Amino acid sequence: MKKIVIGNWKMNPEKVDEAKKIASGIVKVCKNLKKTEVVICPPTLFISAIAETLQKTKISIGAQDAFYEPKGAYTGSVSVAMLKRIGVKYIILGHSERRELGETDELVNKKLKVCLKNKVTPVVCVGEKVRDAHGYYLAFIKKEIEHSLAGVKRKDLKDVVIAYEPVWAVGSKALKAIEASDLSEMVIYIKRTLTDLFGPAAAQSVRILYGGSVNKENAGEFFNGSGLSGLLVGRDSLDVKKFGDIVLLTEEVASIK
Ligand code: PGA
């Protein structure tokens, strides 16, 4: 199975021309990848333009959110099928910055099911706001996974990606990235939780990514024996050189294994 590196551009850059320039740069760096899938998630408005830039390349286009209804009176919303029609293959769901604006596990769950139905890969973000000494954060992650994946069929789990993004490690106000050893523990914990819910085989088929202050210095160590399938990169995905280095490091790791 290929590793995945997803670039979450958030509400950046400001202009479509800049966005196209970054995407073209990423295309060049990613020319010879064999073991790594790269996904770019630009702001919704730029998706069509970037999809065009990515035509005939192996890089996929993703979205940062979608609504669960197919059409209707939902001002400001865009459906999964609409995004799929313009080429979207991955949709990030429940990112902490959206949860901060009111996104709930229940909404994530509805959106996830619509993604699966439309054969678009959902990238479900989970992550605790703080780490406490008693391990309550583990129960929090468990609840997020249980609620977000409620009612999902076992056979569909291979099409689900979970991005573990501890909120304290995400964005420019982040304290720091996670320690590699803590990440390994969390990947095991997430797989355990999935095993309890869906059984061992289905649990193993879910791809687990890490996100939160990923950069070229720390990207390699996250894969060390952690069973991690890839990375979700925010800030550094807007810089061709930095993102390229993260992707190439991932390709190197994927080629060894
Ligand atoms: P960051 O963001 O890499 O800037 O910390 C990650 C994310 O929000 O997905």
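The second largest pocket of this predicted model has a volume of about 220 Å³. Its lining comprises 15 residues, and those closest to the pocket centre are Arg99, Gly127, Lys129, Phe140 and Glu144. Two or more lining residues come from each of helix H4 (96-99), strand S5 (121-126) and helix H6 (136-148). H6 gives the most to this lining, with 3 residues. By class, the lining of the second largest pocket divides into 4 nonpolar, 3 polar and 8 charged residues.

The largest pocket holds about 540 Å³ of space. It is lined by 18 residues, of which Pro43, Thr44, Gln64, Asp65 and Arg98 are the closest to its centre. The lining of the largest pocket consists of 7 nonpolar, 6 polar and 5 charged residues.

The volumes and lining counts of the pockets are set out below.

| Pocket | Volume | Lining residues |
|---|---|---|
| Largest pocket | about 540 Å³ | 18 residues |
| Second largest pocket | about 220 Å³ | 15 residues |

The strands of the model form a closed barrel of 8 members, in the order S1-S2-S3-S4-S5-S6-S7-S8, with parallel pairing. Neighbouring strands of this sheet are turned against each other by 25° on average, with direction ignored. In general, the strands of a sheet pair through backbone hydrogen bonds, in either a parallel or an antiparallel manner. One of the pairings in the barrel joins strand S3 (residues 60-63) to strand S4 (residues 88-93), in the parallel sense and over 3 bridges. Ala63 stands opposite Ile91 of S4. Strand S5, a member of the barrel, also contributes to the lining of the second largest pocket.

Helix H6, a contributor to that same lining, also packs against another helix. The packing of two helices is described by the angle between their axes together with the distance between those axes. The axes of helix H5 (residues 105-117) and H6 come within 8 Å and cross at roughly 40°. H5 and H6 are therefore oblique to each other. On the H5 side, the contact is made by Asp105, Glu106, Val108, Asn109 and Leu112, while H6 supplies Lys143, Glu144, His147 and Ser148. By class, the residues in this contact are 2 nonpolar, 3 polar and 4 charged. Glu144 thus appears in two settings: it is one of the H6 residues in contact with H5, and it is among the residues closest to the centre of the second largest pocket.

Note on methods:
Residues are numbered from 1 along each chain as its sequence is written. This is a predicted model: local features need pLDDT of at least 70, side-chain atom pairs count only at pLDDT 80 or more; totals for chains, interfaces and linings use all residues. Side-chain values use heavy atoms; hydrogens and water are left out. On a 1 Å grid over the protein atoms alone, a cavity is a set of points where a 1.4 Å probe fits but cannot get out, and a pocket is an open set with protein on both sides within 12 Å along at least five of seven lines; lining residues have an atom within 4 Å of a point. Grid points are joined across faces, edges and corners, and a volume is the space filled by probe spheres set on the points. Ala, Val, Leu, Ile, Met, Phe, Trp, Tyr, Cys and Pro count as nonpolar, Asp, Glu, Lys and Arg as charged, and the others, Gly among them, as polar. Helices (H or I, at least four residues) and strands (E, at least two) are DSSP runs, numbered from the N terminus. Two strands pair if DSSP finds at least two bridges between them. Axes are lines fitted to C-alpha atoms, for helices over the stretch in contact, and angles run from 0 to 180 degrees between N-to-C directions. Angles under 35 degrees count as roughly parallel, over 145 as roughly antiparallel, 65 to 115 as roughly perpendicular and the rest as oblique. Contact means heavy atoms within 4.5 Å.
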